[in-house]
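Colleague: Could you take me slowly through one part of this model, namely the loop that carries a cluster of charge, and then set the rest of the chain beside it?

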Amino acid sequence: ESALEAEFAENPELVEQDTVVQRALGFIGPDQTSDEVLRQFLEAGVLGFYDPETTELVVRQVSELDLLTKSTIVHELTHAYDDQLFDLDRPELDDDAFTERSWTFAALAEGSASHVETAWVNVLSSREQSDLLYQESSFGDPGVFASFDLAYLLLQVSVYIEGESYVDSLIANGGYGALDAAFEELPLTSEQIMERDPAVDTVPVYVPVPPADGEVVWEGTGGQIVLDSLFSGMFTATEDAATGWGGDAMVAYRADGQSCMRWDIVMDSAADEEELFAGLAEWTALRGGAVAIVDGRVRLDRCA
């Protein structure tokens, strides 16, 4: 936790940017900050981690080396192995907010580790697999997660879920050489990770940053993964409204003491645009904000 706190302390501007964006999207409350919510999430759900900067592997202290701890060690040791081959310490990826390589890299790394962890679980006996599931369900306080916005939780775990499916697909179609190549030449967008059909157009189109109605805090790309997270918590027909994403640009700003964002999104087809507009109309009816078509783009506005 001290290392995490030190990182937050070193990046107050990053915390401020994340806070404004996440408040505007409704991921966190108007009185919360992104660093405090992330700290709560990590305390509640993280069993261990590998730090590529220090090459330290940390696992929560336990009374015995149970199956849950072993599976965590398998996952984190895979990170350590991948780090030797591909260098997992890439802070420069965070510098360009108009690409999604920071997220796609995380999804690739977590997908690789989850792929190996799943392979390890699959060689356990049926009894051991049942015991592991029980240990996973008994870890921590499940009630803690009820305090988080569901879309926020889905975005946090997306690198594991989408990442593992993507890595499984890479290996099934091109062997481990395809995974190696992906580490060397990262996918550009979350859409490439999420949509694994070669027929899907995953080349993003340029979208100009929309104007802000206040003090600009951040500009960048949200991507299909953020859009998908908004809808995934609604459990309605809008769940697939993010599919067909073509490109986007978002500006986060402060106005009248509120955290605001304006998000312009282009879809691959008129049908995709119509579906997205309908989905965001439903979302804003529940969460506040406004959606409109501006210069051929779907525009989402929200302040909190």
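**A charged loop and its surroundings**

Modeller: Asp94 sits in the loop between helix H4 (67–86) and helix H5 (101–122), and please keep in mind while reading that this is a predicted model. With a relative accessible area of 54%, Asp94 is exposed, because the cut-off for that word is over 50%. Asp94 also belongs to a patch of negative charge on the surface, where it gathers with Glu10, Glu53, Asp87, Asp89, Glu92, Asp95 and Asp96.

For a contrast with this exposed residue, turn to helix H9 (residues 223–232), where nine of the ten residues are buried, so that the helix is largely enclosed by the rest of the structure. Among the buried residues of H9 are Gly223, Gln224, Ile225 and Val226, and the list also includes an acidic residue by name, Asp228, along with Leu227, Ser229, Leu230 and Phe231.

A further feature to look at is the disulfide, of which the count comes to one. Cys260 and Cys303 form this link, with their sulfur atoms 2.0 Å apart, and the link is right-handed, with 115 degrees about the S-S bond. The pair connects distant parts of the chain, since Cys260 lies in strand E5 (residues 258–267) and Cys303 in strand E7 (residues 297–303), 43 residues apart. Cys260 counts as buried because its relative accessibility is 0%, whereas Cys303, at 35% relative accessibility, counts as partly exposed.

Notes:
Residues numbered from 1 in each chain as written. Predicted model: local features only at pLDDT ≥ 70, side-chain atom pairs only at ≥ 80, totals over all residues. Heavy atoms only, no water. Disulfide = S-S within 2.5 Å. Helix = DSSP H or I, 4+ residues; strand = E, 2+ residues; numbered from the N terminus. Buried < 20%, exposed > 50% of the residue type's maximum accessible area, 1.4 Å probe, protein only. Patch = residues over 30% accessible without salt bridge, like charges linked within 9 Å, V, L, I, M, F, W, Y side chains within 5 Å. Areas by Shrake-Rupley, 256 points an atom, 1.4 Å probe, with all protein chains shown as cover. Salt bridge = Lys/Arg side-chain N within 4 Å of Asp/Glu carboxyl O. Lys, Arg positive; Asp, Glu negative; His and termini not counted. Charge placed at Lys NZ, Arg CZ, Asp CG, Glu CD.
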